[in-house]
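Hi,

Here is the model I promised to pass along. Have a look at it first, and my notes on what turned up are underneath.

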Amino acid sequence: VSNRKPFVAAVPAFQASFNNLKEARQNRALAQRQVHGPNSFKQQVMAWYQALSLDALPPTFRDQMPKLVASLGSGPWMSGHRFGDSQLDVLAIWLGQTLASRSWKSNVFLDFYMYSAFTENPGNQCFLHSKKRCGDCLWTCKQKWFPPGSFYLPKKGFMSGDQSKPCVMWSEFACSQHGLETMFWNFGFKPADRLWTMLEKVLEAHKDENQRSVFDRLFDEVTWELQQKLDPWAKQI
C-alpha cells in the first residue's frame, strides 16, 4: 500500500466455528445466520460502522480522512478466511457504510469487488450472483489452476481430496434464484432500516433452516408484503 492511498482495515466481529466447513463455504451453515450474540448480523454491521464512521475516530484522523479519501473499496470481508455467509457479508457492509457515510458529510462511494476465485474461500463470492451467473462463476473458478500457496484454505475446507482445486466444487445447487442486483432493485434508494428490519425478521423466522439462501428468503418476504398490499382479502386470511 503506497503512502498516497490511505488504508483502513476493518476487522469483522464474526468468529464462528463450524462442524462442517464445506457447508459454510456453500453459505448453508446455521452458525452463519445468527440473530443474537457476538456473531449476529447486527454485530457485523456495527463493526463496519465503527471502523468507517468518522465519529468513532480520534480527532486527528477525523479531520484528515475526508481530505485524503475520495472512495472506499472492499472485497470479501467476513466471508473470506472467517467463512461467513457472503450474502450477509455484502449486506452488512452495505448497511454499515450507509450509517457511517453520514459522518463524512460528503459523497464517499464504496466499491465492492467480487471475485470468482478470491485467495480466501475461493468461489464463495459466486453466491452473490443470481442462479445462471452463479453457475458460470463457479465454473470459471473450477477451471483455474492454482499454484501452491496462492490461496488460504484449511484442509477440512476442500470440497474434494484434490488440494489443487480449492474452489467450492459441485455447489451449483447452493446458487440463489436471486442475486445482488435483485437486492439493489428492492432496497436501494430506500431507508436502510427497511432492509435491516426485514433481514432480521427473515433470519429469526428461519433460524433452524438452511436450505434456501438469504437473498431468496428476502425476496420471498418482499413478495409476500407486496401481495398483502395488492390483495385486500389476503389480510383477512
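Eight helices and two strands make up the secondary structure of this protein, which is a predicted model. Going along the sequence, the order is α-α-α-β-α-β-α-α-α-α.

On overall shape: a compact globule of 237 residues would have a radius of gyration near 18 Å, and the protein comes in at 19 Å, so the two agree. If you want a box for your setup, the C-alpha atoms fill roughly 60 × 50 × 30 Å along the principal axes. Buried residues account for 46% of the 237. Taking contacts between residues at least 6 apart in sequence, 72% of them join residues at least 24 apart.

The surface and the charges, briefly. About 13100 Å² is exposed, with carbon and sulfur atoms supplying 55% of that. There are 28 positive and 21 negative charges, and the mean positions of the two sets lie 5 Å apart.

Now the cysteines, which take up most of my notes. How many disulfides does a search of the whole structure find? It finds three. With the bonded cysteines numbered in sequence order, they pair up as 1-3, 2-6, 4-5. Here they are one by one.

C126 to C137: the sulfur atoms sit 2.1 Å apart in this disulfide. The torsion about the S-S bond is about -70 degrees, so this disulfide is left-handed. C126 lies in the loop between β2 (109-112) and α5 (131-143) while C137 is in helix α5 itself, so the bond ties together parts that are eleven residues apart in sequence. Both ends fall under the 20% cut-off for burial: C126 is buried at a relative accessible area of 0%, and C137 is buried at 10%.

C134 to C175: here the S to S distance is 2.0 Å. The torsion about this S-S bond is also about -70 degrees, so the link is left-handed. It connects distant parts of the chain, with C134 in helix α5 and C175 in the loop between α5 and α6 (180-187), 41 residues apart. C134 and C175 are both buried.

C141 to C167: the sulfur atoms of this disulfide are 1.8 Å apart, in case you want to look at that value before you build a topology. At -85 degrees about the S-S bond, the link is left-handed. This pair, too, links distant parts of the chain: C141 belongs to helix α5 and C167 to the loop between α5 and α6, 26 residues apart. C141 is buried with a relative accessible area of 0%, and C167 counts as buried at 3%.

A residue to look at alongside these is S116. Where does S116 sit? Its place is in the loop between β2 and α5. Is S116 buried or exposed? At 17% relative accessibility it counts as buried, because the cut-off for burial is 20%. Leaving aside neighbours within four places in sequence, S116 is in contact with P122, G123, C126, C137, T140, C141 and K144. That list includes C126 and C137, which are joined to each other by a disulfide, as well as C141, whose disulfide partner is C167. S116 and C167 are 51 residues apart in sequence, and their C-alpha atoms are 8.8 Å apart in space.

Last, two backbone angles for your checks. N121 has a phi near 55 degrees, a positive value in a residue other than glycine. N121 is in the loop between β2 and α5, and it counts as buried at 2% relative accessibility. Which value does phi of F189 take? It is near 65 degrees, again positive in a residue other than glycine. F189 belongs to the loop between α6 and α7 (192-205). Unlike N121, which is buried, F189 is exposed, with a relative accessible area of 81%.

That's everything I have for now. Shout if anything is unclear.

Cheers

Notes: Residues numbered from 1 in each chain as written. Predicted model: local features only at pLDDT ≥ 70, side-chain atom pairs only at ≥ 80, totals over all residues. Heavy atoms only, no water. Helix = DSSP H or I, 4+ residues; strand = E, 2+ residues; numbered from the N terminus. Rg over C-alpha atoms; globule rule 2.2 N^0.38 Å. Buried < 20%, exposed > 50% of the residue type's maximum accessible area, 1.4 Å probe, protein only. Contact = heavy atoms within 4.5 Å. Areas by Shrake-Rupley, 256 points an atom, 1.4 Å probe, with all protein chains shown as cover. Lys, Arg positive; Asp, Glu negative; His and termini not counted. Charge placed at Lys NZ, Arg CZ, Asp CG, Glu CD. Disulfide = S-S within 2.5 Å.
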